[in-house]
Number of protein chains: 2
Amino acid sequence: MSEVKVIIWGLGAMGGGIAKLLAEKEGIKITGAIAGRAEKSGKDLGEVLNLNRNLNVAVSADYEKTIKETEADIVLLATDSFLKNVFPQIKLIVESGKNCITIAEEMAYPHTVDEKLASEIDELAKENKVSVLGTGINPGFVLDTLIITLTGAQRSVKKIKAARINDLSPFGTTVMKTQGVGTTPEEFKKGIADGSIVGHIGFKQSITMIADSIGIEIDEVIETREPIISNTYRETPYIKVEPGMVAGCRHIGYGMKNGEAVITLEHPQQIYPSVENIDTGDYIWLEGDPDLNLSIKPETPGGIGTIATAVNMIPHVINSAPGLVTMKDLPIPRALMGDVAKLIKAGR
Amino acid sequence: MSEVKVIIWGLGAMGGGIAKLLAEKEGIKITGAIAGRAEKSGKDLGEVLNLNRNLNVAVSADYEKTIKETEADIVLLATDSFLKNVFPQIKLIVESGKNCITIAEEMAYPHTVDEKLASEIDELAKENKVSVLGTGINPGFVLDTLIITLTGAQRSVKKIKAARINDLSPFGTTVMKTQGVGTTPEEFKKGIADGSIVGHIGFKQSITMIADSIGIEIDEVIETREPIISNTYRETPYIKVEPGMVAGCRHIGYGMKNGEAVITLEHPQQIYPSVENIDTGDYIWLEGDPDLNLSIKPETPGGIGTIATAVNMIPHVINSAPGLVTMKDLPIPRALMGDVAKLIKAGR
């Protein structure tokens, strides 16, 4: 293969970042770009991405025409977090004979959300001899792939605990709202109840992927979401948090067996944790033989990490046997610093 | 498959540890055991391993008969560090139609040692429809697999530095000699020159595997071995080190490009580094976009880690397409806590 042809679907913060990275990689040619917003339609992708050059790809809002009529080996899909919303998009991609990588969080391990839809994606992919992967920094890397990989050095695993402690202050109003930043404790409670405050999407995926990978049984995944009450005044360009108000959401997922948590994943997300002496970082504590304690400080950046992971998995997905695949099924991830086209095996 | 049948070849510290772990795993049946030492021959493997039970496997020193006449899916080979020494053993294993995992360090990426022998293993494996993998904690995991995996979250990689800082004090006389512990600086220099002090085996493998995986070019791998001169008195059951004498070997491997080190792997190995306030640990510093700093403290244990890694890769190797494979080619590693036989795909 002389070049890998890629369509980018979704040009928001993540999709736009993916498109920029695709444009930098050797051996990758962007052949199509789909925007959700009509006002981007007709412009050159380079202009939409604020690059100082044209990419000779006209952005289109007509996703059906673009997917069906554009030649491409793979589509990178960055439109939504939820399986039911990306399912028709993935169906269109797969039925047009194209592989797919999506950063939809629920797609990291979709049978935990909807067994029937996940099976349908798998069957459609096999029929059309293509592969579909959900990935990203989390779910997809820090709280699942990295944990599973580290257990590879253990004779046995007893309990798994991990935490991803990050700083939400660079994010905009949407994230502030979905994490409950700037609410009162009462408003936070109400937001959790009505679903407007969601916390992290992906605990069920990550916990089930870990359990399935290493062969431990869990009865259920439980999630708790608590407000992180600030003791200090914190302010970003988008939000002000007075002492006593909510600086973020302490979201914890538990993989339970016989009433005991065998897998505990914590993802407390708040603005400026440093003001209360909390270090950001990714932490993995494996209890077993041996115990292993891993940390990445500061944490793997969320946005950059999601963009990187999605792009870096392109060769593995194209080379994979057809079907719905997950990070646990594919070779170890890696950065792409050479000619990406040369990594594609013949015969697919 | 109802059980995975395994032969263990080599019953030293590592091979014995592998055998013990195999005996604990569900879905694995040890069908043969080969000892280098004739005095172990004829005894039950359980007795040789100092278990309180028989394993109903007679240890044999007749490796040819055991490999040829024992039914097994895979052989775990723990006899030697060097490609040229394990080559005839791997040939025998593969020609008898059995898969192979070896902890021979040079086999982690054997074409860096001898292109011809590595190609021959690959061809023999393909002819006999089996797979061969070299792995272990290092090379095989800490200073290659884990580094490659972490670059998966990077948009680009500029430089890689990593260090594995461990404590040699639990080891015996052989390790003391090959690392130069307890020598004078002059004796150390002489030992390096005459090859009796070797330091770590695996830098060439790990550095080349990283470079090939992420697609960066290196011109050559350079290695330096310096004595770690002790400022304090240190003593183990096997060795005494006076101030001014050598406590270990600071071995560094550099992957060079245009005269610059783009990959630097350090593995200073000494007894009791803590007496001079050196923390043991595995450290990875990735320079790029983004920078990432990972640490595992204390370090992943060497012996346990090698035993675990070798056993944990059994399903991946049996499921792999035939040929010589390396850690970069296989799915992400993981602990085996369930029925191992259930992980073997049909059709191999």
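Here are a few notes on how the two chains pair up and on one helix packing.

1. Before you dig in: this is a predicted model, where local features need pLDDT of at least 70 and side-chain atom pairs count only at pLDDT 80 or more, while totals for chains, interfaces and linings use all residues. Residues are numbered from 1 along each chain as its sequence is written, chains are lettered from A in the order in which they are written, and side-chain values use heavy atoms, with hydrogens and water left out.

2. Turn chain A by 180°, with a shift of 0.0 Å along the axis, and it lands on chain B with an RMSD of 0.0 Å (a least-squares fit on C-alpha atoms of residues with pLDDT of at least 70 in both). The two copies are thus related as by a two-fold rotation axis. In chain A, P331(A) has the C-alpha nearest that axis, 1.9 Å away.

3. Now the contact (heavy atoms within 4.5 Å): chain A gives 48 residues and chain B gives 48 residues. The copies meet through the same surface, because 100% of chain A's interface residues are interface residues in chain B too.

4. How much area is buried between chain A and chain B? About 3,900 Å², with 65% from carbon and sulfur atoms (accessible area, 1.4 Å probe, lost on being put together, summed over both parts). On chain A's side, R155(A), I332(A) and M337(A) lose the most, together 18% of what that side buries.

5. Within chain B, look at helices α1 (residues 13-24) and α10 (residues 302-312): their axes come within 9 Å and cross at roughly 55° (helices are DSSP runs of H or I, at least four residues; axes are lines fitted to C-alpha atoms over the stretch in contact, with angles from 0 to 180 degrees between N-to-C directions).

Note on methods: Helix = DSSP H or I, 4+ residues; strand = E, 2+ residues; numbered from the N terminus. Buried area = accessible area lost by both parts, 1.4 Å probe.
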